[in-house]
2 protein chains.
Amino acid sequence: MTKKQLIMEKSIELFASQGFDATSVQQITEHCGISKGAFYLSFKSKDELILALIDHFMMETVSSIDCLVTNANDKEKLLYDFYYLCFDSVNQHSESALIFIKEQTHHLNDKLISKMHYYNQLIEKSILSIIEYVYGDTAQYTKYDLVYCIQGFIKTYMELFFFYNLPADFDTLCKSLVEKTNVLARHTTIPFLSQNLIEMIKQPLNTGIAKEQIIQMIEQDIDEIEESIEKESLILLKEELKEPSLNRALIKGLLENIRHQVQCKSTYYVLRSYFDFD
Amino acid sequence: MTKKQLIMEKSIELFASQGFDATSVQQITEHCGISKGAFYLSFKSKDELILALIDHFMMETVSSIDCLVTNANDKEKLLYDFYYLCFDSVNQHSESALIFIKEQTHHLNDKLISKMHYYNQLIEKSILSIIEYVYGDTAQYTKYDLVYCIQGFIKTYMELFFFYNLPADFDTLCKSLVEKTNVLARHTTIPFLSQNLIEMIKQPLNTGIAKEQIIQMIEQDIDEIEESIEKESLILLKEELKEPSLNRALIKGLLENIRHQVQCKSTYYVLRSYFDFD
DNA sequence: TATAATAATGACTAATTGGTCACGTGTCAA
DNA sequence: TTGACACGTGACCAATTAGTCATTATTATA
């Protein structure tokens with residue numbers, strides 16, 4: 001494990017329990033058993049650390065969702081799987097999720113805002129795909145509202161698990177939510193969110209994940225993987241990022257090579273989005 | 001206006017735009033045109049200030065809702081009115097609401113947590129009343145889920161207004177939400193939240209509003225009101241709080257006296273809850 | 001006007017913070 | 001053994017903070 005990873009893992013615990021502002025770099029380094037100087041060898045600043053944490057968590061989440069939606073083949077199950085994935089992944093990374101929730105509204109700086117915006121839009125896009133796939137024209141006029149209702153369900157029930165340690169019967173919960181969603185999709189007639197409103201919201205869809213960062217992701221994967229076609233593909237993709245030279249077919253091929261490599265699932269979906277193979 | 005009120009009003013602006021941690025007492029006093037010492041004459045600490053702000057905002061909100069529910073007489077309109085009130089009051093006190101949202105998850109200290117818990121429970125109780133009143137047995141088994149769905153709707157659409165400055169067509173929004181709620185109430189069959197789960201959550205329903213604070217509210221009302229039966233009733237109620245001596249009928253009478261005095265609407269509902277006249 | 005009481009001031013303190021940097025320490029190849 | 005190099009250290013710095021308190025200004029009272 002690199003020092004960077006160590007710092008990230010250990011700092012998650014502190015940030016989750018005390019919040020970002022209330023955790024000093026001193027505390028982090030003590031908790032890692034390293035010196036203050038060593039911290040600044042891995043991260044340029046404290047802000048860079050939390051940005052990295054949030055990126056890591058959101059990248060994972062977003063790409064899992066993306067993966068689910070892209071490979072969907074069962075209309076009945078997709079929505080259930082989606083809900084389950086949301087609760088399950090937040091449950092498994094509850095500390096990261098807590099940081100995310102805590103700092104989301106705290107707008108440390110502009111970078112964080114646009115990051116959040118970016119990830120939110122990705123998730124909304126996925127939810128919309130699900131709705132269009134599952135309900136088709138049935139929800140034609142109310143689909144944007146449905147997106148927000150689904151997010152509302154998730155957010156509200158999520159908090160229940162965060163604030164009170166409810167026994168996590170995710171199966172019942174998700175079945176219950178699927179039913180609610182079905183009912184809304186089939187019986188609501190009064191939309192609030194129109195295409196127009198949605199367009200207004202979408203405007204500042206700028207800053208995605210920086211190329212730099214994707215390169216870092218790839219490098220991390222390369223470190224973790226043994227000599228193989230997959231590894232070589234990753235190396236070539238990294239080169240392509242640094243200096244584009246291959247045509248789209250070759251890139252697509254390289255992506256296919258790493259598609260089923262579990263370790264780099266996130267990377268695959270991030271790259272897929274970066275090279276615009278949606 | 002007392003110095004305390006001045007500080008509260010001015011600090012809301014700063015907290016809303018920068019957050020609590022990022023706003024120094026220095027800044028607040030400069031923005032008020034007073035000295036640092038003067039600040040500490042009104043508030044024992046910076047924490048006490050934000051606690052007061054959140055109390056003020058939540059007391060107002062909760063009592064408006066309580067008022068609406070208590071005086072309901074039109075099943076068709078109640079839910080609409082409730083939604084409208086929520087959006088409208090948050091819209092009108094958007095800065096306070098923003099502070100509330102920002103600091104809600106930041107758990108400054110235990111006092112804040114239990115305060116939030118307390119207010120949340122009051123609101124949930126009101127929503128449950130609405131559901132029971134509007135749907136009766138129809139939503140018998142899913143009413144607790146409905147409470148959380150309603151909260152989810154509000155939270156999610158609220159954020160839309162906060163993060164993007166959407167044109168606020170609250171009327172359409174509320175009609176749309178009422179329809180969604182109706183649909184859920186009539187067609188859902190799979191509950192997730194049972195009576196049992198709800199009981200688990202309710203456990204730490206301790207610390208309400210401190211008696212001290214209610215007294216301060218009353219004193220503020222007394223200052224603002226001219227000589228009248230209402231003023232005298234307030235004075236007597238204040239005495240009763242400090243040293244209980246009257247029987248419940250008399251107290252109830254005093255409460256009735258101030259019931260329709262607009263300036264002390266919050267106080268009325270807080271007192272009603274304190275003396276347990278629900 | 002004189003005196004007491006209250007309100008308000010702002011320089012000050014003590015503590016904490018994020019971030020730096022001159023100085024080890026261990027590990028290579030030559 | 002030497003020297004080069006990266007890795008790592010923790011004392012230190014400048015800036016900022018919440019909160020205090022001796023002093024001054026203002027007001028009310030006699």
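Let's start with B:Lys46: in this predicted model, one of its polar side-chain atoms sits 2.8 Å from a phosphate oxygen of DNA strand D. Two other residues, A:Lys3 and B:Val25, also place a polar atom by a phosphate oxygen of that strand. Here are the three pairs side by side.

| Residue | Polar atom from | Partner on DNA strand D | Distance |
|---|---|---|---|
| B:Lys46 | side chain | phosphate oxygen | 2.8 Å |
| B:Val25 | backbone | phosphate oxygen | 3.1 Å |
| A:Lys3 | side chain | phosphate oxygen | 3.2 Å |

Now for the wider surroundings of the strand. There are 14 residues around DNA strand D, and B:Lys46 and B:Val25 are among those that come nearest, along with A:Ser35, B:Lys36 and B:Tyr40. Sorted by class, this surface has five nonpolar, five polar and four charged residues.

Which helices supply at least two residues each of the surface near DNA strand D? Helix H3 (36–42) of chain A does, and so does helix H3 (36–42) of chain B. H3(A) gives the largest share, with four residues.

What about the DNA side? Take the atoms of DNA strand D within 4 Å of the protein: 53% belong to sugar or phosphate, and the rest belong to bases.

Finally, a look at another helix, H8 of chain A, which runs over residues 143–163. It has 21 residues, so at 1.5 Å a residue it should span 30 Å, and its end C-alpha atoms are indeed 30 Å apart, in agreement with that. H8(A) is also mostly covered, with 17 of its 21 residues buried.

Conventions
Residues are numbered from 1 along each chain as its sequence is written. Chains are lettered from A and ligands numbered from 1 in the order in which they are written. This is a predicted model: local features need pLDDT of at least 70, side-chain atom pairs count only at pLDDT 80 or more; totals for chains, interfaces and linings use all residues. Side-chain values use heavy atoms; hydrogens and water are left out. A residue is near a molecule or strand if one of its heavy atoms lies within 4 Å of it. A polar contact is a pair of N or O atoms within 3.5 Å; within protein, one must be able to donate a hydrogen and the other to accept it, and residues adjacent in sequence count only if both atoms are side-chain atoms. Ala, Val, Leu, Ile, Met, Phe, Trp, Tyr, Cys and Pro count as nonpolar, Asp, Glu, Lys and Arg as charged, and the others, Gly among them, as polar. The expected span of a helix is 1.5 Å times one less than its number of residues. Buried means under 20% relative accessible area, exposed over 50%, partly exposed in between (1.4 Å probe, protein chains only).
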